[in-house]
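This report describes selected local features of a single protein chain. It takes up backbone geometry, salt bridges, helix packing and contacts between parts of the chain.

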Amino acid sequence: FCGEEIYNNSIVSIDFNIMEESIKKASLFLSQVKNYFEKDPDTHIDRKETTQIVNWVKSDLTHPKKNILVLEGEKGMGKSVILKDVYEKLSNENYMVLGIKADKYYAINPRELENKIFINEDITFSNIIRALNTQKKQLVVIIDQIDALSQTLSSNREYIQTYNRLINELIDEKNIRVIISSRSYDLNYDAELSVYKSNKYHNIKTGLLSENEVIQTLQKFKVTCSQKKVIELLRTPNHLEIFSKL
């Protein structure tokens, strides 16, 4: 008992600051996602989905909902941008946030994933959970583009199984919130991802930009457009990004 107590106290008192720093460094790829159009930071759009997710993180969980939120949407709808904004907003409010871009970290088992994500080899999710519970701290884990590991994009099923095992370890942890993003197609048709298409989890579907948001963005590039069909096409964020570059 004494040995375990000393061990636990050592992890919390000595390593917690290192743990926080490791989590911040592990979020590099998500923090670098561009959240504006072309090269103009002034074209950033505050998406309503960002606000919904931040409000969910701050809310009390109600039974039987799990501590997992799934952000789904078709390709080009700006899911990564939304999660980049979630990461920034929560970090600015002193939340501890781990932002993992699944398309950057491929691993055949959870231990390999931890070694790739965290610079310090002593940092593991088990240690993080123990420290959070002892310190009464909260952690938000964002897993962006988990569909990059789906059957349509990867032939190695061990990659997606690794993330599923990680998420399963984090389910129901009272001090952890998990946010996942995926294309709707993969949530519907990939056997490994379809488990998240459930009323057990909170689900937010990414919507199109409003006509007004498109028009205001175009004005910043000194473009005036009154054609309804063009505006409707540009309500998809990726289409508006391509148009802005042109």
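Q145 is partly exposed, with a relative accessible area of 25%. The model in which this residue is described is a predicted one. Q145 lies in the loop that connects β3 (139-144) with α7 (157-170). Although Q145 is not a glycine, its phi is positive, at about 60 degrees.

**Positive phi elsewhere**

K222 likewise is a residue other than glycine with a positive phi, near 60 degrees. Its place is the loop between α9 (211-220) and α10 (228-233). With a relative accessibility of 76%, K222 counts as exposed, because the threshold for that class is over 50%. Q145, at 25%, falls in the partly exposed class because its value lies between the limits of 20% and 50%. A positive phi of about 60 degrees is also found at K136, just after α6.

**Helix α6 and its surroundings**

Helix α6 covers residues 125-135, and its buried residues are F125, N127, I128, I129, A131 and L132. N133 also belongs to helix α6, but this residue is partly exposed, with a relative accessible area of 27%. Apart from neighbours within four places in sequence, N133 is in contact with E173, K174 and N175. N133 and D103 are separated by 30 residues in sequence and, from C-alpha to C-alpha, by 30 Å in space.

**Salt bridges**

How many salt bridges does the model contain? The count comes to 18. Three of these pairs are set out below.

| Pair | Closest N and O atoms |
|---|---|
| E241 and K34 | 3.0 Å |
| E88 and K84 | 3.7 Å |
| E112 and K116 | 3.5 Å |

The bridge between E241 and K34 links distant parts of the chain, the two residues being 207 residues apart. E241 sits in helix α11 (residues 237-245), whereas K34 is in the loop between α2 (28-31) and α3 (48-58). E241 is buried, at a relative accessible area of 13%, while K34 is partly exposed, at 35%. The pair does not stand alone: K34, E241 and K245 are joined in a network of salt bridges.

The bridge between E88 and K84 lies within helix α4 (residues 79-92). Because E88 and K84 are four residues apart in that helix, about one helical turn separates them. Their accessibilities fall into two classes: E88 is partly exposed, with a relative accessible area of 36%, and K84 is buried, with 5%.

E112 and K116 are both located in helix α5 (residues 110-117), where they stand four residues apart, about one turn of the helix. E112 is partly exposed, with a relative accessible area of 26%, and K116 is partly exposed as well, with 42%.

**Packing of α3 against α4**

How are α3 and α4 oriented where they pack together? Their angle is about 45 degrees, and their axes are 9 Å apart. That angle makes α3 oblique to α4, since angles under 35 degrees count as roughly parallel and those of 65 to 115 as roughly perpendicular. The crossing of the two helices, α3 and α4, is right-handed.

On the α3 side, the contact is formed by E49, T50, I53, V54 and V57; on the α4 side, by I82, L83, D85, V86, K89 and L90. By character, the residues of this contact between α3 and α4 comprise seven nonpolar, one polar and three charged.

**Contacts of Y201**

Y201 is located in the loop between α8 (184-189) and β5 (202-205). Is this loop residue, Y201, buried or exposed? At 7% relative accessibility, Y201 counts as buried, because the limit for that class is under 20%. Y201 and L69 are 132 residues apart in sequence, and their C-alpha atoms are 5.8 Å apart in space. When residues up to four places away in sequence are not counted, Y201 touches K65, K66, I68, V70, I171, V195 and Y196.

Key: Residues are numbered from 1 along each chain as its sequence is written. This is a predicted model: local features need pLDDT of at least 70, side-chain atom pairs count only at pLDDT 80 or more; totals for chains, interfaces and linings use all residues. Side-chain values use heavy atoms; hydrogens and water are left out. A salt bridge is a side-chain nitrogen of Lys or Arg within 4 Å of a carboxyl oxygen of Asp or Glu. Buried means under 20% relative accessible area, exposed over 50%, partly exposed in between (1.4 Å probe, protein chains only). Axes are lines fitted to C-alpha atoms, for helices over the stretch in contact, and angles run from 0 to 180 degrees between N-to-C directions. Angles under 35 degrees count as roughly parallel, over 145 as roughly antiparallel, 65 to 115 as roughly perpendicular and the rest as oblique. A crossing is left-handed if the near helix is turned anticlockwise from the far one by less than a right angle, and right-handed if clockwise. Contact means heavy atoms within 4.5 Å. Ala, Val, Leu, Ile, Met, Phe, Trp, Tyr, Cys and Pro count as nonpolar, Asp, Glu, Lys and Arg as charged, and the others, Gly among them, as polar.
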